[in-house]
Amino acid sequence: MTQSVVVQIGQCGNQIGWRFWDRALREHAEYDKDGVFDESLSTFFRNVDTRYSPPRDLPLCKGARIATLRARAVLVDMEEGVVNEVLSGPLADVFDKHQTVTNVSGSGNNWAVGYYTYGRTHRDELLDTIRAAAEQCDSLQSFILLHSMGGGTGSGLGTYILELLQDEFPSVYRFVTAVYPSQDDDVITSPYNTVLAMHQLQNFADCVIPIENQALQDIVAMVDTQSKGTLRQHSKVTGPDHKLEKPWDRMNNIVANMLLNMTSSSRFAGSLNVDVNELTTNLVPFPGMHFLTTSLSPLYDLADVHVPPRRLDQMFSDAFDPAYQLSKCHPRRGIFTACALMVRGDVEVSDIRRNIDRIRSKLNFVQWNVDGWKTGLCSQPPVGQRHAVLCLSNNTCLMETFLKVRSRFLQLFRKRAFRHHYTSHGMDEGHFNVALSSIDELIGLYHQVQKSQDSPPVFPRLEIL
(Lines give C-alpha, C1' and ligand atoms only; values in the text may rest on other atoms or scores of the structure.)
Protein backbone atom coordinates (compact mmCIF):
# COMPACT_ATOMS: atom_id res chain seq x y z
CA MET A 1 0.00 0.00 0.00
CA THR A 2 0.93 3.66 -0.33
CA GLN A 3 1.62 6.12 2.48
CA SER A 4 0.52 9.69 3.22
CA VAL A 5 2.19 12.34 5.37
CA VAL A 6 -0.04 14.75 7.30
CA VAL A 7 1.35 18.28 7.67
CA GLN A 8 -0.63 20.19 10.32
CA ILE A 9 0.05 23.91 10.49
CA GLY A 10 -0.99 26.52 13.03
CA GLN A 11 -3.35 26.26 15.97
CA CYS A 12 -6.33 25.10 13.92
CA GLY A 13 -4.36 22.57 11.88
CA ASN A 14 -2.76 20.99 14.94
CA GLN A 15 -6.06 20.80 16.83
CA ILE A 16 -7.73 19.05 13.87
CA GLY A 17 -4.69 16.81 13.57
CA TRP A 18 -4.93 15.90 17.24
CA ARG A 19 -8.51 14.67 16.75
CA PHE A 20 -7.61 12.92 13.49
CA TRP A 21 -4.82 10.85 15.04
CA ASP A 22 -6.93 10.00 18.10
CA ARG A 23 -9.76 8.73 15.92
CA ALA A 24 -7.45 6.92 13.53
CA LEU A 25 -5.92 4.98 16.42
CA ARG A 26 -9.36 4.09 17.81
CA GLU A 27 -10.50 2.94 14.37
CA HIS A 28 -7.50 0.68 13.78
CA ALA A 29 -7.68 -0.66 17.35
CA GLU A 30 -11.29 -1.67 16.75
CA TYR A 31 -10.39 -3.76 13.69
CA ASP A 32 -6.93 -4.96 14.71
CA LYS A 33 -7.51 -6.84 17.95
CA ASP A 34 -4.33 -8.92 17.57
CA GLY A 35 -1.94 -5.95 17.50
CA VAL A 36 -0.52 -6.78 14.06
CA PHE A 37 1.25 -4.08 12.06
CA ASP A 38 -0.10 -4.48 8.53
CA GLU A 39 -0.39 -2.46 5.33
CA SER A 40 -3.56 -0.82 6.63
CA LEU A 41 -1.71 0.70 9.58
CA SER A 42 1.35 1.62 7.51
CA THR A 43 -0.65 4.17 5.51
CA PHE A 44 -0.45 6.71 8.33
CA PHE A 45 1.81 5.04 10.93
CA ARG A 46 5.35 3.70 11.29
CA ASN A 47 6.25 0.73 13.47
CA VAL A 48 9.47 1.57 15.34
CA ASP A 49 11.79 0.03 17.91
CA THR A 50 12.37 2.70 20.56
CA ARG A 51 15.25 0.85 22.17
CA TYR A 52 17.48 2.56 19.65
CA SER A 53 18.22 6.26 19.31
CA PRO A 54 16.90 7.41 16.95
CA PRO A 55 14.15 4.74 16.85
CA ARG A 56 14.53 2.21 14.06
CA ASP A 57 11.73 1.37 11.63
CA LEU A 58 10.72 -2.27 11.78
CA PRO A 59 10.08 -4.04 8.46
CA LEU A 60 6.55 -4.61 7.27
CA CYS A 61 6.09 -8.36 7.05
CA LYS A 62 3.28 -10.85 7.52
CA GLY A 63 2.30 -11.22 11.18
CA ALA A 64 4.61 -8.42 12.39
CA ARG A 65 3.64 -7.27 15.88
CA ILE A 66 3.16 -3.64 16.81
CA ALA A 67 6.11 -2.35 18.81
CA THR A 68 5.60 1.43 18.98
CA LEU A 69 3.44 3.37 16.54
CA ARG A 70 4.63 6.74 15.25
CA ALA A 71 2.40 8.99 13.16
CA ARG A 72 3.54 10.05 9.71
CA ALA A 73 3.03 13.67 10.72
CA VAL A 74 4.83 17.02 10.69
CA LEU A 75 3.66 19.52 13.32
CA VAL A 76 4.24 23.19 12.55
CA ASP A 77 3.24 26.25 14.57
CA MET A 78 4.81 29.61 15.21
CA GLU A 79 3.17 29.78 18.63
CA GLU A 80 4.19 26.57 20.36
CA GLY A 81 1.33 26.25 22.87
CA VAL A 82 -0.83 23.75 20.95
CA VAL A 83 2.13 21.64 19.77
CA ASN A 84 3.44 21.45 23.35
CA GLU A 85 -0.02 20.43 24.53
CA VAL A 86 -0.09 17.64 21.93
CA LEU A 87 3.40 16.46 22.86
CA SER A 88 2.54 16.36 26.55
CA GLY A 89 -0.95 14.86 26.14
CA PRO A 90 -2.22 11.28 25.95
CA LEU A 91 -0.99 10.93 22.33
CA ALA A 92 2.54 12.17 23.09
CA ASP A 93 4.21 8.83 22.25
CA VAL A 94 2.57 8.76 18.82
CA PHE A 95 4.51 11.79 17.59
CA ASP A 96 8.19 12.06 16.80
CA LYS A 97 9.45 15.14 18.62
CA HIS A 98 11.99 15.66 15.83
CA GLN A 99 9.10 16.10 13.38
CA THR A 100 8.07 19.49 14.77
CA VAL A 101 8.90 23.06 13.73
CA THR A 102 7.89 25.75 16.23
CA ASN A 103 8.52 29.33 17.32
CA VAL A 104 7.19 31.38 20.21
CA SER A 105 5.85 34.73 19.01
CA GLY A 106 3.16 33.74 16.48
CA SER A 107 2.22 35.39 13.19
CA GLY A 108 -0.11 38.03 14.58
CA ASN A 109 -3.02 37.17 12.25
CA ASN A 110 -0.89 38.36 9.32
CA TRP A 111 -0.45 36.29 6.15
CA ALA A 112 2.72 38.18 5.23
CA VAL A 113 4.39 37.35 8.56
CA GLY A 114 3.64 33.65 8.14
CA TYR A 115 4.62 33.51 4.46
CA TYR A 116 7.56 35.91 4.20
CA THR A 117 9.00 36.23 7.72
CA TYR A 118 8.62 32.72 9.09
CA GLY A 119 8.68 31.00 5.70
CA ARG A 120 12.13 32.36 4.90
CA THR A 121 13.42 31.93 8.46
CA HIS A 122 12.39 28.29 8.79
CA ARG A 123 12.70 27.20 5.15
CA ASP A 124 15.66 24.85 5.62
CA GLU A 125 14.27 23.41 8.85
CA LEU A 126 10.90 22.80 7.22
CA LEU A 127 12.50 21.08 4.23
CA ASP A 128 14.69 18.86 6.40
CA THR A 129 11.76 17.85 8.60
CA ILE A 130 9.42 17.10 5.68
CA ARG A 131 12.16 15.22 3.80
CA ALA A 132 12.77 13.06 6.86
CA ALA A 133 9.07 12.17 7.02
CA ALA A 134 8.99 11.46 3.27
CA GLU A 135 12.09 9.25 3.36
CA GLN A 136 10.44 7.05 6.00
CA CYS A 137 7.78 6.09 3.43
CA ASP A 138 8.19 3.20 0.99
CA SER A 139 5.68 4.60 -1.50
CA LEU A 140 4.70 8.18 -0.67
CA GLN A 141 1.46 9.02 -2.44
CA SER A 142 0.27 12.29 -0.94
CA PHE A 143 0.73 15.11 1.51
CA ILE A 144 -2.40 16.09 3.43
CA LEU A 145 -2.17 19.65 4.75
CA LEU A 146 -4.40 20.90 7.57
CA HIS A 147 -4.61 24.62 8.28
CA SER A 148 -6.93 27.58 8.68
CA MET A 149 -7.40 30.40 6.20
CA GLY A 150 -8.07 33.26 8.62
CA GLY A 151 -4.98 33.18 10.85
CA GLY A 152 -1.43 34.22 10.02
CA THR A 153 0.44 30.94 10.49
CA GLY A 154 -2.18 28.70 8.92
CA SER A 155 -2.78 30.87 5.87
CA GLY A 156 0.72 32.28 5.40
CA LEU A 157 3.13 29.57 6.48
CA GLY A 158 0.64 26.90 5.42
CA THR A 159 0.64 28.08 1.82
CA TYR A 160 4.39 28.66 1.93
CA ILE A 161 4.83 24.98 2.82
CA LEU A 162 2.42 24.05 0.03
CA GLU A 163 4.64 25.88 -2.44
CA LEU A 164 7.73 24.13 -1.03
CA LEU A 165 6.07 20.76 -1.54
CA GLN A 166 5.29 21.59 -5.14
CA ASP A 167 8.94 22.49 -5.76
CA GLU A 168 10.53 19.61 -3.82
CA PHE A 169 7.98 16.81 -4.41
CA PRO A 170 6.25 17.70 -7.70
CA SER A 171 5.02 14.14 -8.34
CA VAL A 172 3.41 13.71 -4.90
CA TYR A 173 -0.24 14.75 -4.61
CA ARG A 174 -1.02 17.72 -2.38
CA PHE A 175 -4.41 17.68 -0.64
CA VAL A 176 -5.38 20.67 1.48
CA THR A 177 -8.12 20.81 4.09
CA ALA A 178 -8.58 24.55 4.60
CA VAL A 179 -10.85 25.93 7.32
CA TYR A 180 -12.51 29.19 6.24
CA PRO A 181 -13.49 31.81 8.85
CA SER A 182 -17.12 32.55 9.65
CA GLN A 183 -18.77 35.92 9.03
CA ASP A 184 -18.50 36.84 12.72
CA ASP A 185 -14.83 35.87 12.92
CA ASP A 186 -12.88 37.85 15.53
CA VAL A 187 -9.81 38.24 13.27
CA ILE A 188 -10.37 41.54 11.50
CA THR A 189 -7.71 40.86 8.86
CA SER A 190 -9.01 37.37 8.02
CA PRO A 191 -10.48 38.50 4.64
CA TYR A 192 -6.99 39.55 3.52
CA ASN A 193 -5.43 36.33 4.81
CA THR A 194 -8.07 34.18 3.12
CA VAL A 195 -7.80 35.76 -0.33
CA LEU A 196 -3.99 35.81 -0.25
CA ALA A 197 -3.96 32.14 0.76
CA MET A 198 -6.51 31.20 -1.91
CA HIS A 199 -4.18 32.53 -4.58
CA GLN A 200 -1.54 30.03 -3.41
CA LEU A 201 -4.07 27.19 -3.16
CA GLN A 202 -5.10 27.76 -6.77
CA ASN A 203 -1.51 27.60 -7.97
CA PHE A 204 0.04 24.85 -5.89
CA ALA A 205 -2.63 22.46 -4.56
CA ASP A 206 -3.94 19.42 -6.43
CA CYS A 207 -7.16 19.32 -4.44
CA VAL A 208 -8.66 21.64 -1.80
CA ILE A 209 -11.47 20.80 0.61
CA PRO A 210 -12.88 24.08 1.98
CA ILE A 211 -14.44 23.74 5.42
CA GLU A 212 -16.44 26.65 6.86
CA ASN A 213 -16.43 27.28 10.58
CA GLN A 214 -20.05 28.39 10.43
CA ALA A 215 -21.12 25.11 8.83
CA LEU A 216 -19.37 23.13 11.60
CA GLN A 217 -21.05 25.26 14.29
CA ASP A 218 -24.45 24.69 12.68
CA ILE A 219 -23.89 20.92 12.50
CA VAL A 220 -22.97 20.73 16.18
CA ALA A 221 -26.07 22.79 17.07
CA MET A 222 -28.25 20.49 14.93
CA VAL A 223 -26.87 17.38 16.63
CA ASP A 224 -27.46 18.95 20.05
CA THR A 225 -31.07 19.67 19.10
CA GLN A 226 -31.65 16.12 17.87
CA SER A 227 -30.05 14.50 20.90
CA LYS A 228 -31.13 17.02 23.54
CA GLY A 229 -27.48 17.22 24.54
CA THR A 230 -27.28 13.70 26.00
CA LEU A 231 -23.79 12.19 25.78
CA ARG A 232 -23.10 8.48 25.93
CA GLN A 233 -20.92 7.06 28.67
CA HIS A 234 -17.71 5.10 27.93
CA SER A 235 -18.19 5.18 24.17
CA LYS A 236 -16.00 3.48 21.60
CA VAL A 237 -15.79 6.78 19.73
CA THR A 238 -14.70 9.27 22.37
CA GLY A 239 -13.74 6.95 25.20
CA PRO A 240 -14.44 7.43 28.91
CA ASP A 241 -12.74 10.85 29.05
CA HIS A 242 -15.21 12.75 26.84
CA LYS A 243 -15.75 15.31 29.63
CA LEU A 244 -12.19 16.53 29.05
CA GLU A 245 -13.00 17.59 25.49
CA LYS A 246 -12.85 21.27 24.62
CA PRO A 247 -15.75 23.09 22.91
CA TRP A 248 -14.09 23.10 19.49
CA ASP A 249 -13.15 19.41 19.65
CA ARG A 250 -16.59 18.40 18.42
CA MET A 251 -16.19 20.64 15.39
CA ASN A 252 -12.72 19.25 14.75
CA ASN A 253 -14.11 15.71 15.09
CA ILE A 254 -16.29 16.38 12.05
CA VAL A 255 -13.26 17.27 9.93
CA ALA A 256 -11.28 14.33 11.31
CA ASN A 257 -14.11 11.95 10.49
CA MET A 258 -14.30 13.31 6.95
CA LEU A 259 -10.55 12.67 6.48
CA LEU A 260 -10.85 9.12 7.85
CA ASN A 261 -13.70 8.36 5.45
CA MET A 262 -11.82 9.93 2.53
CA THR A 263 -8.75 7.74 3.18
CA SER A 264 -10.64 4.58 4.20
CA SER A 265 -9.99 2.83 0.86
CA SER A 266 -6.27 3.47 1.30
CA ARG A 267 -6.37 1.80 4.71
CA PHE A 268 -8.89 -1.02 4.46
CA ALA A 269 -10.03 -3.57 1.90
CA GLY A 270 -13.14 -3.07 -0.20
CA SER A 271 -14.76 -4.12 -3.45
CA LEU A 272 -14.41 -0.60 -4.92
CA ASN A 273 -11.24 0.94 -3.52
CA VAL A 274 -10.58 4.58 -4.37
CA ASP A 275 -7.12 6.05 -3.75
CA VAL A 276 -6.92 9.75 -2.97
CA ASN A 277 -5.11 10.41 -6.27
CA GLU A 278 -8.17 9.08 -8.11
CA LEU A 279 -10.23 11.87 -6.57
CA THR A 280 -8.13 14.49 -8.34
CA THR A 281 -8.31 12.64 -11.65
CA ASN A 282 -12.09 12.21 -11.52
CA LEU A 283 -13.28 15.37 -9.75
CA VAL A 284 -11.13 18.17 -11.21
CA PRO A 285 -12.31 18.96 -14.76
CA PHE A 286 -10.20 22.10 -15.33
CA PRO A 287 -6.90 23.41 -13.91
CA GLY A 288 -7.56 25.63 -10.90
CA MET A 289 -11.10 24.37 -10.41
CA HIS A 290 -10.03 21.88 -7.73
CA PHE A 291 -12.14 23.02 -4.76
CA LEU A 292 -14.56 20.33 -3.57
CA THR A 293 -17.72 20.42 -1.50
CA THR A 294 -17.98 17.75 1.20
CA SER A 295 -20.76 16.19 3.23
CA LEU A 296 -21.02 13.11 5.40
CA SER A 297 -23.64 11.01 7.10
CA PRO A 298 -24.25 10.03 9.81
CA LEU A 299 -23.21 13.00 11.93
CA TYR A 300 -24.43 11.96 15.36
CA ASP A 301 -21.42 9.79 16.24
CA LEU A 302 -19.29 12.91 16.01
CA ALA A 303 -20.83 14.22 19.20
CA ASP A 304 -21.37 10.69 20.55
CA VAL A 305 -25.00 11.23 21.39
CA HIS A 306 -28.28 9.34 21.53
CA VAL A 307 -29.92 9.79 18.12
CA PRO A 308 -31.91 7.18 16.17
CA PRO A 309 -29.73 5.43 13.55
CA ARG A 310 -29.98 6.49 9.92
CA ARG A 311 -31.05 4.05 7.24
CA LEU A 312 -28.69 3.63 4.29
CA ASP A 313 -31.04 5.32 1.82
CA GLN A 314 -31.39 8.25 4.22
CA MET A 315 -27.61 8.65 4.28
CA PHE A 316 -27.48 9.02 0.50
CA SER A 317 -30.16 11.70 0.68
CA ASP A 318 -28.30 13.41 3.54
CA ALA A 319 -25.21 13.70 1.32
CA PHE A 320 -27.04 16.28 -0.81
CA ASP A 321 -28.83 18.04 2.05
CA PRO A 322 -27.44 21.53 2.85
CA ALA A 323 -27.59 20.74 6.58
CA TYR A 324 -24.94 18.05 6.11
CA GLN A 325 -22.51 20.13 4.04
CA LEU A 326 -19.19 21.20 5.55
CA SER A 327 -19.49 24.48 3.62
CA LYS A 328 -22.40 26.91 3.78
CA CYS A 329 -23.82 26.14 0.35
CA HIS A 330 -26.76 24.32 -1.22
CA PRO A 331 -25.58 21.61 -3.64
CA ARG A 332 -28.94 21.23 -5.36
CA ARG A 333 -28.89 24.89 -6.36
CA GLY A 334 -25.51 24.52 -8.03
CA ILE A 335 -24.30 22.54 -11.02
CA PHE A 336 -22.26 19.39 -10.54
CA THR A 337 -19.29 18.80 -12.82
CA ALA A 338 -18.45 15.53 -11.02
CA CYS A 339 -19.37 13.70 -7.82
CA ALA A 340 -17.75 10.97 -5.71
CA LEU A 341 -19.56 8.84 -3.14
CA MET A 342 -17.35 7.02 -0.64
CA VAL A 343 -19.39 4.37 1.18
CA ARG A 344 -18.25 2.35 4.19
CA GLY A 345 -19.75 -0.76 5.75
CA ASP A 346 -21.61 -3.87 4.67
CA VAL A 347 -23.12 -2.39 1.51
CA GLU A 348 -23.65 -3.92 -1.91
CA VAL A 349 -22.60 -2.17 -5.11
CA SER A 350 -26.20 -2.54 -6.27
CA ASP A 351 -27.31 -0.42 -3.27
CA ILE A 352 -25.02 2.39 -4.41
CA ARG A 353 -26.25 2.24 -8.01
CA ARG A 354 -29.87 2.13 -6.90
CA ASN A 355 -29.46 5.25 -4.76
CA ILE A 356 -27.59 7.11 -7.49
CA ASP A 357 -30.43 6.34 -9.91
CA ARG A 358 -32.93 7.51 -7.28
CA ILE A 359 -31.14 10.82 -6.56
CA ARG A 360 -29.64 11.84 -9.91
CA SER A 361 -32.92 13.24 -11.30
CA LYS A 362 -32.96 15.78 -8.45
CA LEU A 363 -29.42 17.01 -9.21
CA ASN A 364 -28.18 19.31 -11.93
CA PHE A 365 -25.14 17.89 -13.77
CA VAL A 366 -23.32 19.60 -16.63
CA GLN A 367 -24.43 18.45 -20.04
CA TRP A 368 -20.99 17.15 -20.98
CA ASN A 369 -20.66 14.92 -17.88
CA VAL A 370 -24.14 13.74 -16.92
CA ASP A 371 -22.70 10.37 -15.83
CA GLY A 372 -19.89 11.95 -13.79
CA TRP A 373 -20.14 9.67 -10.76
CA LYS A 374 -17.20 8.08 -8.97
CA THR A 375 -18.01 5.46 -6.34
CA GLY A 376 -15.92 3.84 -3.63
CA LEU A 377 -16.84 1.03 -1.26
CA CYS A 378 -14.82 0.12 1.83
CA SER A 379 -15.91 -2.89 3.85
CA GLN A 380 -14.92 -1.47 7.26
CA PRO A 381 -17.45 1.03 8.71
CA PRO A 382 -16.45 3.80 11.13
CA VAL A 383 -16.28 2.84 14.81
CA GLY A 384 -19.75 2.45 16.31
CA GLN A 385 -21.57 2.65 12.95
CA ARG A 386 -23.00 0.15 10.48
CA HIS A 387 -22.62 2.38 7.43
CA ALA A 388 -21.28 5.79 6.46
CA VAL A 389 -21.45 7.91 3.31
CA LEU A 390 -19.01 10.66 2.33
CA CYS A 391 -19.80 12.82 -0.67
CA LEU A 392 -17.10 14.82 -2.46
CA SER A 393 -18.23 16.89 -5.40
CA ASN A 394 -17.14 19.66 -7.71
CA ASN A 395 -20.12 21.97 -7.62
CA THR A 396 -20.64 25.58 -8.66
CA CYS A 397 -22.47 26.22 -5.37
CA LEU A 398 -19.03 26.82 -3.79
CA MET A 399 -19.07 30.10 -5.69
CA GLU A 400 -21.33 31.41 -2.89
CA THR A 401 -18.50 30.92 -0.38
CA PHE A 402 -15.93 32.59 -2.62
CA LEU A 403 -18.20 35.55 -3.37
CA LYS A 404 -18.65 36.13 0.38
CA VAL A 405 -14.87 35.99 0.88
CA ARG A 406 -14.35 38.43 -2.01
CA SER A 407 -16.96 40.85 -0.65
CA ARG A 408 -15.37 40.95 2.80
CA PHE A 409 -11.95 41.44 1.21
CA LEU A 410 -13.12 44.42 -0.85
CA GLN A 411 -14.64 46.13 2.19
CA LEU A 412 -11.14 46.48 3.64
CA PHE A 413 -9.21 46.78 0.39
CA ARG A 414 -11.17 49.73 -1.01
CA LYS A 415 -10.46 51.71 2.16
CA ARG A 416 -6.77 50.72 2.04
CA ALA A 417 -7.26 49.53 5.61
CA PHE A 418 -4.52 47.51 7.36
CA ARG A 419 -2.43 47.21 4.19
CA HIS A 420 0.67 48.66 5.86
CA HIS A 421 0.83 45.68 8.23
CA TYR A 422 1.44 43.45 5.21
CA THR A 423 3.79 45.63 3.18
CA SER A 424 6.00 46.19 6.24
CA HIS A 425 6.79 42.46 6.26
CA GLY A 426 8.18 42.15 2.76
CA MET A 427 4.96 41.88 0.72
CA ASP A 428 4.53 44.05 -2.35
CA GLU A 429 1.22 45.90 -2.32
CA GLY A 430 0.54 44.65 -5.82
CA HIS A 431 0.16 41.16 -4.39
CA PHE A 432 -3.30 42.18 -3.14
CA ASN A 433 -4.37 42.86 -6.73
CA VAL A 434 -2.86 39.60 -7.95
CA ALA A 435 -4.74 37.64 -5.28
CA LEU A 436 -7.98 39.48 -6.08
CA SER A 437 -7.55 38.68 -9.79
CA SER A 438 -6.96 35.05 -8.87
CA ILE A 439 -10.23 34.67 -6.97
CA ASP A 440 -12.03 36.55 -9.78
CA GLU A 441 -10.63 34.04 -12.25
CA LEU A 442 -11.88 31.15 -10.11
CA ILE A 443 -15.35 32.67 -9.82
CA GLY A 444 -15.25 33.18 -13.60
CA LEU A 445 -14.69 29.45 -14.11
CA TYR A 446 -17.86 28.69 -12.16
CA HIS A 447 -19.76 31.32 -14.15
CA GLN A 448 -18.63 29.66 -17.39
CA VAL A 449 -19.93 26.29 -16.21
CA GLN A 450 -23.28 27.83 -15.31
CA LYS A 451 -23.44 29.72 -18.60
CA SER A 452 -22.78 26.57 -20.60
CA GLN A 453 -25.60 24.87 -18.72
CA ASP A 454 -28.04 27.70 -19.38
CA SER A 455 -27.39 27.57 -23.12
CA PRO A 456 -29.01 24.62 -24.91
CA PRO A 457 -26.61 22.44 -26.91
CA VAL A 458 -26.28 23.45 -30.56
CA PHE A 459 -26.40 20.51 -32.96
CA PRO A 460 -25.12 20.95 -36.53
CA ARG A 461 -27.83 21.06 -39.18
CA LEU A 462 -27.91 18.32 -41.78
CA GLU A 463 -26.67 19.44 -45.18
CA ILE A 464 -28.18 18.19 -48.41
CA LEU A 465 -25.40 17.28 -50.80
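**Exercise 1. Locate R416 and describe its backbone and exposure.**

R416 is found in the loop between α14 (399-413) and α15 (419-423); helices (H or I, at least four residues) and strands (E, at least two) are DSSP runs, numbered from the N terminus. The model is a predicted one, in which local features need pLDDT of at least 70, side-chain atom pairs count only at pLDDT 80 or more, and totals for chains, interfaces and linings use all residues. Residues are numbered from 1 along each chain as its sequence is written, and side-chain values use heavy atoms, with hydrogens and water left out.

Step 1: the phi angle of R416 is near 60 degrees, a positive value in a residue other than glycine. Most residues other than glycine have a negative phi.

Step 2: R416 counts as exposed because its relative accessibility is 52%. Buried means under 20% relative accessible area, exposed over 50%, and partly exposed in between (1.4 Å probe, protein chains only).

**Exercise 2. Carry out the corresponding analysis for N109.**

Step 1: N109 is placed in the loop between β6 (100-102) and α4 (111-121).

Step 2: its phi is near 60 degrees, a positive value in a residue other than glycine.

Step 3: with 37% relative accessibility, N109 is therefore classed as partly exposed.

**Exercise 3. Identify the peptide bonds to P54 and P298 and place both prolines.**

Step 1: S53 and P54 are joined by a cis peptide bond, with omega about -5 degrees. P54 lies in the loop between β2 (45-49) and β3 (56-57).

Step 2: the bond from S297 to P298 is cis, with omega near 5 degrees. P298 belongs to the loop between β10 (293-297) and α12 (312-318).

Step 3: as background, most peptide bonds are trans.

**Exercise 4. Describe the surroundings of S88.**

Step 1: S88 lies in the loop between α3 (81-87) and β6.

Step 2: S88 has 60% relative accessibility and so counts as exposed.

Step 3: a polar atom of the S88 side chain lies 2.8 Å from the backbone oxygen of N84.

Step 4: from S88 to T225 the separation is 137 residues in sequence and 35 Å in space, C-alpha to C-alpha.

**Exercise 5. Determine where K362 lies and how accessible this residue is.**

Step 1: K362 is located in the loop between α13 (349-359) and β12 (373-378).

Step 2: K362 is partly exposed because its relative accessibility is 47%.

Notes. A polar contact is a pair of N or O atoms within 3.5 Å; within protein, one must be able to donate a hydrogen and the other to accept it, and residues adjacent in sequence count only if both atoms are side-chain atoms.
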